[in-house]
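Student: I'd like to learn how to read pockets, cavities and local contacts in a model like this one. Could you walk me through it?

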Amino acid sequence: MRSFLLSLAIFLMTSNSSFASDRIRIATFNVSMDASNYVEYEQLPKVTESPVPAKLADGHPQIAGIAEILQRVRPDIVLLNEFDYVDAERGINVFIRDYLRQSQNGLDPINYPHVYMAPVNTGLPSPFDLNRDGEATGRGNDAWGFGWYPGQYGMVILSRYPLLTEQARTFQHFLWKDMPGHHVPKVPDENGELTEQHWYSDEVMGQFPLSSKSHWDVPVKVGNKVIHLLAAHPTPPGFDGPENRNGMKNYDEIRLLRDYLTPGLNHYLYDDKGVRGGLQKDASFVVLGDLNAAPDSGGIDGAIEQLLEHPRVNDVKPMSKGGKRHSPDHDNSEYHTAAWRKRVDYVLPSDDLIVKDAGVFWPIKGQQGYRLMAERGASSDHRLVWIDIRL
């Protein structure tokens, strides 16, 4: 009996208080926890070696800072972007056991019994010279998704509610060429003017996946209700040239999300099991992720507006005082989610879900957690974004 009571006490201590309340907190957080942040570059695996970075670092201050933010905000469900796809005992299990379930700076521990991870395209070597620099390295810009080793910049969903993983759909292998009307990057001439020559050959496009990481639909069971977590992390619309290949890919990766939740537009989609089509028209959903696109700003105009202006999406515009203080001379800076002064991280619920509250974790000076915003090494260059949905 004593051991049972002790176990119950530990469970309650590591549980989120909102679990038993009338609302559920759903969040996204680009944690910038790929191995390059805590492993020397020379130690990162090469594509010719085993694609397994070093085990998640013990007692690392940046990782502890990420855990502290999660313990402060206490989301019931959270998508972590830029968390490497590695064996669980070298990655996510270590993070949960050694960081989240341990008190950070005197805060209550938090536990997530349900976890979803799946492979991503970042760091997967292609046999082609994708950036046309004269050398096919299989790494960096010559990987199917930019990355220095397979699994870098992966994603993981943590949940206190059951994830219906057997019903999950992934779109890691959906080919860019199979999206009707997709963008086609062109080769520029010496003056930067675009020619009619395609940047990517037919041979490349015959193997090129659209998703730079992956696109997921992971249903979660909350009481008697099922909510579809639509997770993604499109490539940033920069780091290229006048051909704008990354901007075009970013737009089309966001378009996949838009089409997926739009009856009549999603017939062409097929998931990694070969199942075609998109989300049922009356399904509840939340779009989550660092979408690398800001309103009125992107590699292709209107990229994020494809979602923000969708008739089934409720853009509640989470905000913070910290963003405003960080960028007082920028319009709409209260909506910023990154230290580099953009709104790029999103939690977008379907219009049938009732949102009770929302915010961006960005404390101002004098508030608890402010020190975690001081520099990237203290946590991340992104901020955690959350919404509360009424059950």
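**Cavities, pockets and a few residues**

Tutor: Let's begin with enclosed space: the count comes to one cavity of 30 Å³ or more. The model is predicted, so local features need pLDDT of at least 70 and side-chain atom pairs count only at pLDDT 80 or more, while totals for chains, interfaces and linings use all residues. Residues are numbered from 1 along each chain as its sequence is written, and side-chain values use heavy atoms, with hydrogens and water left out.

Student: What is a cavity, and what is a pocket?

Tutor: The general idea first: rolling a probe the size of a water molecule over the atoms shows where empty space is left. On a 1 Å grid over the protein atoms alone, a cavity is a set of points where a 1.4 Å probe fits but cannot get out. A pocket is an open set with protein on both sides within 12 Å along at least five of seven lines, and lining residues have an atom within 4 Å of a point. Grid points are joined across faces, edges and corners, and a volume is the space filled by probe spheres set on the points.

Student: Which residues line the largest cavity?

Tutor: They are F171, H215, W216, D217, L230, L256, L257 and Y260, around a volume of about 50 Å³. The elements giving two or more residues to that lining are β8 (215–222) and α5. Helices here are DSSP runs of H or I with at least four residues, strands are runs of E with at least two, and both are numbered from the N terminus. By class, the cavity lining has six nonpolar, one polar and one charged residues. Ala, Val, Leu, Ile, Met, Phe, Trp, Tyr, Cys and Pro count as nonpolar, Asp, Glu, Lys and Arg as charged, and the others, Gly among them, as polar.

Student: How many residues line the largest pocket?

Tutor: There are 39, with F146, T235, P236, F239 and N292 lying nearest the centre of the largest pocket. Its volume is about 770 Å³, and the lining splits into 14 nonpolar, 16 polar and nine charged residues. Helix α5 (residues 245–260) gives the most to this lining, with three residues.

Student: α5 keeps turning up. Is that helix buried or exposed?

Tutor: Buried means under 20% relative accessible area, exposed over 50%, and partly exposed in between (1.4 Å probe, protein chains only). In α5, 15 of the 16 residues are buried, so the helix is largely enclosed by the rest of the structure. You can check the length too: the expected span of a helix is 1.5 Å times one less than its number of residues. For α5 that should be 22 Å, and the end C-alpha atoms are 22 Å apart, which agrees.

Student: What about the loop leading into α5?

Tutor: Look at E243, in the loop between β9 (225–232) and α5. E243 is buried, with a relative accessible area of 3%. A polar contact of 2.4 Å joins its side chain to that of R245. By polar contact I mean a pair of N or O atoms within 3.5 Å; within protein, one must be able to donate a hydrogen and the other to accept it, and residues adjacent in sequence count only if both atoms are side-chain atoms.

Student: Where is N30 found?

Tutor: N30 sits in strand β1 (residues 23–30) and, at 0% relative accessibility, counts as buried. The N30 side chain makes a polar contact with the side chain of D290 at 2.8 Å. Contact means heavy atoms within 4.5 Å; leaving out residues up to four places away in sequence, N30 touches N81, E82, H233, D290, D345, S380 and H382.

Student: Which backbone angle should I look at in S32?

Tutor: Phi: S32 has a positive value of about 50° although it is not a glycine. S32 lies in the loop between β1 and α2 (61–73) and counts as buried at 1% relative accessibility. N332, also not a glycine, has a positive phi near 60°. N332 is in the loop between α7 (321–326) and β11 (345–349), and at 48% relative accessibility N332 counts as partly exposed.

Student: And the second largest pocket: how much space lies there?

Tutor: About 330 Å³. Of the 15 residues that line this pocket, the closest to its centre are P295, D296, D331, N332 and R343.
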